[in-house]
Amino acid sequence: MQGALAATASAAGRPPPCLLAVSKLQPARAIAELATGGQQAFGENYVQEARAKQAALNDPTLQWHLIGHLQSNKAREAAQTFDWIQSVDRPALVEALGRHRPTSVTRLNVLIQVNIDDEPGKHGAMPEHVAALAGAVAAEGRLRLRGLMAIPTPANAAKRRAAFAAMRQLFDGLAARFDGMDTLSMGMSEDYAMAIEQGATMVRIGSALFGPRPTQVTAHTDIRPVP
Ligand SMILES: *Cc1c(COP(=O)(O)O)cnc(C)c1O
C-alpha cells in the first residue's frame with residue numbers, strides 16, 4: 001500500500017502522504033499483523049471499540065485516530081483515549097475536548113471535519129465556519145490544531161475532484177494563518193489516488209488494506225493469529 005501511495009504522489013509531483021489504516025470493525029489481530037509490518041497509525045469510528053483494541057494490543061507505539069462522528073457526551077472518554085480526533089466540527093466539542101484532555105499526556109491533535117459538499121445534515125463544519133473553529137482549537141491549551149479532514153461524497157468524479165481541490169485551497173489559506181497546520185486528511189480506498197493528486201497529506205484506507213470489513217465487531221480483543 002505504501003508503495004502505491006508513494007507512486008501516485010510522485011507521479012502527481014506531491015510528497016508521499018501518511019497512511020491511516022482504518023481498522024473499524026476489524027479484529028485486534030488484524031491490527032497486530034499490520035503493526036508488525038511497521039504500520040503505526042490506526043483509525044477507529046467508535047470510542048468503546050478503540051478502547052477494547054488498545055487494551056488487547058497494549059502497544060504504546062501505536063497512534064489512535066478517531067475518524068467517526070463524536071457525540072458531546074463521549075468527548076471526555078474520547079479525549080482520554082485517542083491521540084488524534086479528526087471529526088471536530090463544532091465549538092462545544094472543542095471546549096469539551098480541551099477541558100477533558102489529561103495533563104499527564106501530550107496535547108490532543110485535532111483536525112476539523114469540513115462539510116465540503118455543503119450538504120445539509122452531513123457531519124462537518126460548513127466551510128465558512130472553519131476559520132473561527134480553527135481559532136477556537138488554537139486557543140485551547142490542551143489541543144493542537146493540525147489541519148482539516150473531509151469525506152466528500154459527490155455523485156461523480158468531476159465533482160469529487162472539485163471537492164478535494166476546494167479542501168486543499170481551504171487548507172492552504174488556514175495554514176498561512178495558523179501555526180502547525182500540516183495535515184489534510186482526505187481520500188479512502190475508492191478515491192485515494194484522486195485525493196493525493198489534489199494535495200491530501202493523509203489518506204484513510206480501510207478495505208483496500210484489510211480486505212472487506214466484517215459487518216459486526218467480533219473478537220476484537222483476541223490478538224492471537226488465526227490457527
Ligand atoms: C470507514 C472510513 C474510511 C475507510 O473506508 P474504506 O472505504 O474502507 O477505505 C475512511 N474514513 C472514514 C471517515 C471512514 O468512516
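A residue counts as buried when its relative accessible area is under 20%. The structure here is a predicted model. In it, Gly-206 has a relative accessibility of 6%, so Gly-206 is buried.

**Where Gly-206 lies**

Gly-206 belongs to the loop that links β8 (202–205) to α9 (207–210). A partner distant in sequence is Gly-43, 163 residues away along the chain. The C-alpha atoms of Gly-206 and Gly-43 are 8.7 Å apart.

**The ligand site**

The ligand sits in the largest pocket. Its surroundings include Gly-206 and the flanking residues Ile-205 and Ser-207, along with Arg-204. Val-22, Lys-24, Asn-45 and Ile-67 also surround the ligand. So do Ile-151, Met-188, Ser-189 and Arg-213. By class, this shell holds five nonpolar, four polar and three charged residues.

**Polar contacts**

Three residues place an N or O atom close to a ligand oxygen, as tabulated here.

| Residue | Protein atom | Distance to a ligand oxygen atom |
|---|---|---|
| Lys-24 | polar side-chain atom | 2.7 Å |
| Gly-206 | backbone N or O atom | 2.8 Å |
| Arg-213 | side-chain N or O atom | 2.7 Å |

On its own, the ligand has 390 Å² of accessible area, and the protein covers 90% of that. Gly-206 makes its contact through a backbone atom, whereas Lys-24 uses its side chain. Arg-213 likewise contributes a side-chain atom.

What is the relative accessibility of Gly-206? The value is 6%, which is under the 20% cut-off, so the residue counts as buried.

Notes. Residues are numbered from 1 along each chain as its sequence is written. This is a predicted model: local features need pLDDT of at least 70, side-chain atom pairs count only at pLDDT 80 or more; totals for chains, interfaces and linings use all residues. Side-chain values use heavy atoms; hydrogens and water are left out. A residue is near a molecule or strand if one of its heavy atoms lies within 4 Å of it. A polar contact is a pair of N or O atoms within 3.5 Å; within protein, one must be able to donate a hydrogen and the other to accept it, and residues adjacent in sequence count only if both atoms are side-chain atoms. Accessible areas come from the Shrake-Rupley method with a 1.4 Å probe; for residues, only the protein chains shown count as cover. On a 1 Å grid over the protein atoms alone, a cavity is a set of points where a 1.4 Å probe fits but cannot get out, and a pocket is an open set with protein on both sides within 12 Å along at least five of seven lines; lining residues have an atom within 4 Å of a point. A molecule sits in a cavity or pocket if more than half of its atoms lie within 2 Å of its grid points. Ala, Val, Leu, Ile, Met, Phe, Trp, Tyr, Cys and Pro count as nonpolar, Asp, Glu, Lys and Arg as charged, and the others, Gly among them, as polar. Helices (H or I, at least four residues) and strands (E, at least two) are DSSP runs, numbered from the N terminus. Buried means under 20% relative accessible area, exposed over 50%, partly exposed in between (1.4 Å probe, protein chains only).
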